[in-house]
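Ready for a few exercises on reading a protein model? Try each task yourself before you look at its solution.

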Amino acid sequence: MNLEQLDIPRHLATLPLFSHLEQAELERLATGCTLRRLERGKLVFRQGEACEGFYIVVTGQVKLFVLSPSGSEKVIELCGPNRSFAEAVMFIGMPYAVSAQALSEALLIKIEKKVVMDELINCPNFALRMLAGLSRRLHGLIKDVEAYALHSGIQRVIGYLLGKRISESQVASESITVSLPVSKGAIASRLSLTPEYFSRVLHELETAGLIKVNRRDISIPDTARLANYQPR
């Protein structure tokens with residue numbers, strides 16, 4: 001994507017967070033936006049750095065992660081196109097609580113803290129949208145903690161593959177293909193599993209005829225069967 005050709009106000013308008021804003025409001029936000037193109041492996045920011053704004057992914061994949069004192073990594077979140085991150089910490093005046101790194105070539109929009117604060121004062125509708133976005137993020141984190149505490153590793157993998165379908169009372173029977181957006185190791189860390197265990201689960205599901213793995217493409221012939229799978 002040519003950076004000079006990206007219409008930032010128009011792109012912001014396509015995002016749920018900004019979809020109800022007027023053109024003038026979008027243009028004000030755009031004055032506080034900068035574009036960042038990142039190579040694979042490049043850090044967006046490090047844990048502990050001062051938070052000067054939040055980010056929106058235009059293209060590519062970004063992981064949010066923390067490192068333990070021993071150097072082991074835990075992936076907190078995987079952010080793809082049209083996902084935002086680092087909003088919450090911006091409001092509490094604290095440093096970034098996690099590190100962010102590009103998992104592929106990525107294009108990001110950075111929205112400066114000052115322009116966001118100014119818009120919150122001037123536009124109550126924008127404030128409500130930001131609050132709703134942060135609430136969804138908190139709800140997602142609560143669901144993650146619940147999954148880690150109550151669900152087995154196999155259930156977590158199945159839940160990841162089925163995505164939003166798994167939250168339905170009864171998963172409809174359909175054939176789908178899921179393309180893993182990042183490495184299996186990154187997804188395993190996101191699910192609080194080891195890469196070896198994640199691979200074993202995929203092998204078990206494939207042996208049971210519930211999925212077919214072709215590199216990063218995973219075909220699911222019957223989503224209902226997968227959702228109802230009970231290991232022996």
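**Exercise 1: Strands in a sheet**

Tyr55 stands opposite Phe85 in S6. Keep in mind that this is a predicted model.

Task: work out which strands stand at the edges of the sheet.

Solution.
- Step 1: Start with one pair. Strand S3 (residues 53–59) and S6 are antiparallel partners, joined over 2 bridges.
- Step 2: Write down the order. The open sheet has 4 strands, S1-S8-S3-S6, with antiparallel pairing.
- Step 3: Look for strands with a single partner. These are S1 (33–38) and S6 (84–85), so each has one side without a neighbour in the sheet.
- Step 4: Add the helix. H4 (residues 113–122) lies across S3 and S8 (106–112), at about 55 degrees to S8.

**Exercise 2: Cysteines**

Task: find how many disulfides the model has.

Solution.
- Step 1: Recall the idea. A disulfide is a covalent bond between the sulfur atoms of two cysteines.
- Step 2: Apply the cut-off, sulfur atoms within 2.5 Å. The count is 0 disulfides.
- Step 3: Check Cys33. The nearest cysteine sulfur, that of Cys51, is 14 Å away.
- Step 4: Check Cys79. Its sulfur is 14 Å from the closest cysteine sulfur, in Cys51, which is too far for a bond.
- Step 5: Look at exposure. Cys33 is buried at 11% relative accessible area, and Cys79 is buried at 0%.

**Exercise 3: Helix H6**

Task: decide whether helix H6 is largely enclosed or not, and explain why.

Solution.
- Step 1: List the buried residues. Among them are Gly153, Ile154, Arg156 and Leu162.
- Step 2: Use the count. In H6 (residues 153–162), 8 of the 10 residues are buried, so the rest of the structure largely encloses this helix.
- Step 3: Look just past the helix. Gly163 follows H6 and has a positive phi, near 60 degrees.

Key
Residues are numbered from 1 along each chain as its sequence is written. This is a predicted model: local features need pLDDT of at least 70, side-chain atom pairs count only at pLDDT 80 or more; totals for chains, interfaces and linings use all residues. Side-chain values use heavy atoms; hydrogens and water are left out. Buried means under 20% relative accessible area, exposed over 50%, partly exposed in between (1.4 Å probe, protein chains only). Two strands pair if DSSP finds at least two bridges between them. Contact means heavy atoms within 4.5 Å. Axes are lines fitted to C-alpha atoms, for helices over the stretch in contact, and angles run from 0 to 180 degrees between N-to-C directions.
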